[in-house]
Amino acid sequence: MGSDLIGVWIAAFLTLGIMSFLYKDNPWYKFSEAIFVGLSAGYWFASLFWQSLHAKFWANWSPAVQSLFQGQFDYNLLYTGAGILGLMMLLRLIPPIGWISRWPLSVVVGGTAGLYLINYLVSNAVRQIGSTIQPVVTFPESIGWINSGGVIIGNVLVFAVLIVSLGFILFGRNTTIDLPTPTKLFFFLIALVACALGTFYSLSMPLNLTGLIIFMGVFCGLIYFFFSKEHTGFFGGAATVGTWFLMVTFGASFGYTVMSRMSLLIGRIDFLLVEWLKVVN
Amino acid sequence: MWRRTVPIMITFIVGTVLVVAEFIPHKPFGNLGEDFSLYFDIIAVFAFILGGGNLCRVHFSKVYRKKTDWQFSIVTLLGFFVMLAAGLFKIGNPEGIQGDVTAAGSLFADLYDSMFTPLQGTMYALLAFFVASASYRAFRAKNIDASILLIAAFVILLGRTPAPSLIADFFAGAGITFMATAFNFVPTLTDWIMDVPNLAGQRAILIGIALGVISMALRLILGVERTYLGSDSK
Amino acid sequence: MLRFKAAIFTLLLLLLFCLSAAAQTAEELSDTAALEEPVYEIPRLAQVTNFEAKDSPDDAGGEIELTWDLSVDDKKEDGLVSKYVVLRSQNPTSDFHIVGVANHRDSSYIDKNLKEGTDYYYKIVTFPKYQGEVRLTREEIDPLMEQYPELTELDIKDVSMLAEYDRDIMSVFDDNILGISRVAGPVKSRAQWFNSKDLDTLIIGLTICISVVIFIGMARGGRKLFLRRIGGLQAIENAIGRATEMGKSILFIPGIQDMDDVQTVAGITILGRIAKTIAEYDTKINMPVSRSIVMTTARETIKEAYLSAGRPDAYSDDMVHYITDEQFGYVAAVDGIMVREKPATCFYLGAFFAESLIMAETGNSIGAIQIAGTAMPAQLPFFVAACDYTLIGEELFAASAYLSGEPKQLGSLKGQDVGKFIAMVFIIIGAVFATLAALTGSEDILEITNMIKSWFSA
């Protein structure tokens, strides 16, 4: 019980020490920071020593060496390679032959490059392209968020996004689409009428146009990332629309995270009030 | 040759083998990726001696030269060695040296619970404050991009709480049905933003990242990019 | 003042959080009362047909694929079938044990972790849904579970149902009570040398890689390639210049991952380029790291940059120092460095997690110019909100090639664009077919769509 109590008091002391940083840098924070850095570095080394060096290396390698002396080859003998590479890394401590540590580094970088190439090709590129291959117009039924007029709201939003995007591409500041203004206005009006009609019809006809927005977002987003072409003209307009989509994405994950971060603070306040001060039960 | 060509060749061979291995399920290629991570973990432990050594050197010299805040360097060193000893020798471990390093009751676990966890948790919790100050600054959106980010963030933030329905109830009570309907749509709008424009942006970013990674990996494997290897001379 | 406003804002958000938490706890739970029922009769369901077992294709061995046609009862709407239970033995007539379950309406199962080259036999049980409350107590079920560990594959309800019939549970599978298929086998598992399912991926990957290689070759051959400028990259030189003018240091954070993350590698390669400018300007660089291998690599990289800038004597190993592997311990120290040293410029280039905002906001509060770059989608919003420039995803990987100015590096960026072009073409073609299929309902067009989709279904 006594040691528990000391533990809680130490924890509270350090908790407040870190929090005091919000006011300004001070010795209390410096102390908590210093202890955190030292303690955690020691913690990581001790854990890595037992969990990687002992459990993954020694436990596999030493039996393999023993069985080698008995004349048997064990697949785990290949761990010798890892050990040698690890030791090569340490040669950095001997400056004249420190360059040998580049060899294990090359193994690491080569392996990382190979693994990432494949993993990102499959999970990010191929799969994302595959899931974007969707109809841009469907008859609604299958999407979860569609309820209580969600389709209509969705479609109105689609048209709004389309009109604003088109307007920007035609008249935006960065655009250099080389058409006389009346022609541009003509196109814009046609689009406006089309969208108005679309909105009108979508009230009576069950069409779901959200696929169009997804398509447009991915397409314009990719245009934003194009390096080979200057962001001017149609290309520039599309790229700007692409950045809007990126901003919505960023805003969405921002907004999504805020509440979970608040819960972290609640967690610490809970510790201080309940476990330490026992103010609340 | 040994300093530059060999490392580049090693990168090429290891990289190529791991790419090819992805398409070969048969032993020993099938789980080469996992073998690589194991290898890496082992190399990293050895390398830690360099990092830990550097940490000690920096703080020892701070104490020795009595630089500003040298007192705190003593605290860091103390923390490091106490935790290291507690972990390596499993001090106070109920099952002795054979036990799990994190076994309850050991000094290692006690230090972890009473010091490491609160420090870690509090540092993480500071995010609540920082996320608030970041949102506060975002409220003074300066251009279209920032405004879009702000609006999306605000809608999602509200949509994930019961606030919209409470506000809608308030308006309904006050007889302003238009506003009530509008606020009742916030959750729907939240879902729409998450499922439609957010998803599209997310996909564009992910496809872009994939192509960036592929091209970067190729530059590394082919030895076009070799900055990480450092210099030719000693 | 900002601090005060932000504090009020924090409180507001906290209030909002408590509100939502309170709303959640307000949800009530209702309890149900168990009723006495007569002994449960297990319905005998139709067995599956066309049951076959064969070696799983395209695997590393140790897997066998089972396929069957659904039980007649599973095609009905009454939902009598709850699942299919897979039994295995190394003997065609006896000693069958449960190895797994497939959901109802599923017609395949992959049995894993088998010995290569051993003969196996399989049976499939059409398992009925238990329509009632669990009537055995935990005390009655637990010993059974201990006796037959394989029962963990089933639900408590299922075990209770079987035990009600016979406490010697496994005998139920021998009696004629459940719908049990014929025995399939013998079958052996083998490893394959090529994964044919990956053929599409291989072709797509090869196309992208070859176009990158071709453009690298073209650039090396002296062909001029146009590339647009990226805002964040132009800002880098200005940021270094500002630090020089102010006589303050530059802080470089390569993320918190090790060299086995390609983002860290990208951060280090960018470091190589900007360290050269830093050396030329004679500015101070401070680089705290959280991984030992990153420390040694960064030292080599900076040393090389100083050397090629002609100032090897200005380099010192102290520029790069290790802090701790621990994410938040590292952040605590970096925050300390920021408020004490007040660097003029902060770079965050690499892989970041929750600590991104803690660092970027602290950097913001000391008025540093901040340039960030990461491929962590979840952290990008925070960098965008708190930094002056952010290299978004792909731009992080392209940055070092850009900054190098070497033709062959720039060529690889052209190759990337070809990849994007291919992606866009297939998205357009696929979307056109998919839309036509959805609007016309034509089976043929749907088939074409599915074919295109299947190329990208890795």
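Over all chains, the count comes to 15 salt bridges. One pair crosses between chains, running from D41(B) in helix α2 of chain B to K56(A) in helix α2 of chain A. Keep in mind as you look around that this is a predicted model.

**Four salt bridges to look up**

Here are some of the pairs, with the distance between N and O for each.

| Acidic partner | Basic partner | N to O distance |
|---|---|---|
| D41(B) | K56(A) | 2.7 Å |
| D25(A) | R340(C) | 2.8 Å |
| E394(C) | K420(C) | 2.9 Å |
| E300(C) | R102(A) | 3.2 Å |

Let's take D41(B) and K56(A) to begin with. Are they buried or exposed? D41(B) sits in between: its relative accessibility is 24%, so it counts as partly exposed. K56(A) is partly exposed too, because its relative accessible area is 28%.

Now for E300(C) and R102(A), whose closest N and O atoms are 3.2 Å apart. This pair also crosses between chains, with E300(C) in helix α7 (residues 292–308) of chain C and R102(A) in helix α4 of chain A. Both E300(C) and R102(A) are buried.

What about E394(C) and K420(C)? They form a salt bridge with their closest N and O atoms 2.9 Å apart. The pair links distant parts of the chain, 26 residues apart: E394(C) belongs to helix α11 (residues 394–404) of chain C, and K420(C) to helix α12 (residues 407–440) of chain C. E394(C) has 0% relative accessibility, so it counts as buried. K420(C) counts as buried because its relative accessibility is 0% as well. Salt bridges that share partners also join D25(A), E33(A) and R340(C) into one network.

**Getting to know chain A**

How many helices and strands does chain A have? The answer is eight helices and zero strands. Read from the N terminus on, its elements go α-α-α-α-α-α-α-α. Of the 281 residues in chain A, 55% are buried. Chain A exposes about 12700 Å², and carbon and sulfur atoms supply 72% of that. If you take the contacts in chain A with a separation of 6 or more, 53% of them are between residues 24 or more positions apart.

**Where chain A meets chain B**

This contact takes 110 residues from chain A and 108 residues from chain B. Between them, chain A and chain B bury an area of about 10500 Å², with carbon and sulfur atoms giving 82% of it. There are two salt bridges between chain A and chain B, and 16 residue pairs are in polar contact across the interface (both at pLDDT 80 or more). Several elements give two or more residues to the side of chain A that touches chain B, including α1 (2–19), α2 (27–69) and α8 (233–276) of chain A. The largest share of that side, 26 residues, comes from α2(A).

**Where chain A meets chain C**

Here the contact takes 65 residues from chain A and 75 residues from chain C. Chain A and chain C bury about 6100 Å² between them, and 74% of it is on carbon and sulfur atoms. In chain A, the residues that lose the most area to chain C are I133(A), F227(A) and F250(A), together 14% of what that side buries. The count between chain A and chain C is four salt bridges, and 20 residue pairs are in polar contact across the interface (both at pLDDT 80 or more). On the side of chain A that touches chain C, the elements giving two or more residues are α2, α4, α7 and α8 of chain A. Which one gives the largest share of that side? That would be α4(A), with 15 residues.

**A residue that touches three chains**

T132(A) lies in helix α4 of chain A. Its relative accessible area is 3%, so T132(A) is buried. Leaving out residues up to four places away in sequence, T132(A) touches V218(A), R203(B) and I427(C). The side chain of T132(A) also reaches the backbone oxygen of Q128(A) at 2.6 Å.

**Out on the surface**

Finally, look for a nonpolar surface patch of about 490 Å², made by M9(B), F12(B), I13(B), V17(B), L222(B) and V213(C). Helix α1 (residues 5–21) of chain B gives the largest share of the patch, four residues. V213(C) lies in helix α4 (residues 199–220) of chain C, and V213(C) counts as partly exposed because its relative accessibility is 40%.

How values were computed:
Residues numbered from 1 in each chain as written. Chains lettered and ligands numbered in written order. Predicted model: local features only at pLDDT ≥ 70, side-chain atom pairs only at ≥ 80, totals over all residues. Heavy atoms only, no water. Patch = residues over 30% accessible without salt bridge, like charges linked within 9 Å, V, L, I, M, F, W, Y side chains within 5 Å. Areas by Shrake-Rupley, 256 points an atom, 1.4 Å probe, with all protein chains shown as cover. Salt bridge = Lys/Arg side-chain N within 4 Å of Asp/Glu carboxyl O. Buried < 20%, exposed > 50% of the residue type's maximum accessible area, 1.4 Å probe, protein only. Contact = heavy atoms within 4.5 Å. Buried area = accessible area lost by both parts, 1.4 Å probe. Polar contact = N/O pair within 3.5 Å; in protein donor to acceptor, adjacent residues only side chain to side chain.
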